[in-house]
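Me: I'd like a close look at one small part of this structure and at what lies around it. Could you walk me through it in plain words?

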Amino acid sequence: KINPLENKPAPSAETPEPAAHELAAADIEAFFDGMIPLQLDREDIAGAVVLVVKDGKILFSKGYGYSDVSKRIPVLPDRTLFRPGSISKLFTWTAVMQLVEQGKLNLDRDVNDYLDFRIPTTYPQPITMRDLMTHTPGFEEAVNDLFVPKAADMVPLPTYIKLHLPARIYPPGTVPAYSNYGATLAGYIVQRVSGMPFDDYIERNIFQPLGMRSSSFRQPLPRLLAPMMSRGYFVASDPPGEFEIVQAFPAGSLATTGEDISHFMIAQLN
């Protein structure tokens, strides 16, 4: 049979379409081996790690470039720590949802019920944990003391939370506005409701069950992990910067390896 619109034989019912090629590690490696080194060189980037999970397993894992340029230390998926910034918030949200499952937190309850201070009643509706997790608490975003020069300059989480309460500028649940303070407040609530420091909670209830042995929110890093930390470069041709100290640590202080983060990815995808 001829399809008059295409002037070529139309597929018949007896001729099945060829099956799609199933994604394999070799396909991914060919793609990234051709792209990542070129990008690192063109953009003056020191190093990167790429890890792909599929069907509950690691399909591809490879490091590119260097974690320390001057010492020519290569990036290794299971040995090189990177700081994924606000991906840290996913661990805070996971901790929140664990406590929700245990009946210790209610996503739609006024967060003031979980605090040892009071957020002012600027609007009729209260701020809830659901608002914090969807970046709709209505807080003004501020960067004062989000980072501090060194670990000795950090203050305890309760002190930071109480001294840096931002203005409420939107009714909660109405306007999405990124809030590092909101995520940090959620981490403080995890700490209060669980009865253990935030770092301890994450280690015992997320890192340890998932076998994430090379991950930490702690600053400075634990002694065994510190040598594994990649150096921080704006560009690879310049000297590296110092290890950043995040005062609002539930919102962004995670350090982890590519392999460790794959365990978290698989747990969430499953």
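Where is the place of Asp44?

Reply: Asp44 sits in the loop between α1 and β3. Before we dig in, remember that this is a predicted model, where local features need pLDDT of at least 70, side-chain atom pairs count only at pLDDT 80 or more, and totals for chains, interfaces and linings use all residues. Residues are numbered from 1 along each chain as its sequence is written, and side-chain values use heavy atoms, with hydrogens and water left out. Names like α1 and β3 stand for DSSP runs numbered from the N terminus: helices (H or I, at least four residues) and strands (E, at least two).

Back to your loop. Asp44 has a phi near 60 degrees, which is positive even though the residue isn't a glycine. Most residues other than glycine have a negative phi, and most peptide bonds are trans. Asp44 counts as partly exposed because its relative accessibility is 25%. The scale here is simple: buried is under 20% relative accessible area, exposed is over 50%, and partly exposed is in between (1.4 Å probe, protein chains only).

Now step from the loop into the sheet. Three strands make an open sheet in the order β3-β4-β5, with antiparallel pairing; strands pair if DSSP finds at least two bridges between them. At the edges are β3 (47-54) and β5 (73-74), each pairing on one side only. β3 runs antiparallel to β4 (residues 57-68), and eight bridges link these two strands. You can check the register by eye: Gly47 stands opposite Gly65 in β4, and Val52 stands opposite Phe60 in β4. A hairpin with two residues between the strands connects β3 and β4, and Asp55 in that turn has a positive phi of about 55 degrees.

On the other side of your loop is α1. Two helices pack on the sheet, so let's take them in turn, starting with a quick reminder of what the strands look like. In a regular strand the side chains alternate between the two faces of the sheet.

Follow β3 and β4 once more: they pair over eight bridges. Helix α1 (residues 25-43) packs on this sheet and touches β3 and β4, its direction making about 20 degrees with that of β4. Helix α7 (residues 258-269) packs on the sheet too, touching β3 and β4, with its direction at about 30 degrees to that of β3. Touching, or contact, means heavy atoms within 4.5 Å. The angles run from 0 to 180 degrees between N-to-C directions, using lines fitted to C-alpha atoms, for helices over the stretch in contact.

The sheet also helps to line an open space. The largest pocket holds about 1000 Å³. Of its 42 lining residues, the closest to the centre are Arg83, Met229, Ser230, Arg231 and Gly232. β4 and β5 each supply at least two residues of that lining, and β4 gives the most, with three residues. A pocket is an open set of points on a 1 Å grid over the protein atoms alone, where a 1.4 Å probe fits and protein lies on both sides within 12 Å along at least five of seven lines; lining residues have an atom within 4 Å of a point. Its volume is the space filled by probe spheres set on the points, which are joined across faces, edges and corners.

Two other loops make good companions to yours. Asp145 lies in the loop between α3 (129-133) and β6 (147-148). Phi of Asp145 is also positive, near 60 degrees, in a residue that isn't glycine, and at 42% relative accessibility Asp145 counts as partly exposed. Then there's Pro220, in the loop between α6 (198-210) and β7 (245-246). A cis peptide bond joins Gln219 to Pro220, with omega at about -5 degrees.

For a contrast with those loop residues, try Ala95 in helix α2 (residues 88-101). Ala95 is buried, because its relative accessibility is 0%. Leaving aside neighbours within four places in sequence, Ala95 is in contact with Val190, Tyr201, Ile202 and Ile206. Ala95 and Ile206 are 111 residues apart in sequence, while their C-alpha atoms are 7.8 Å apart in space.
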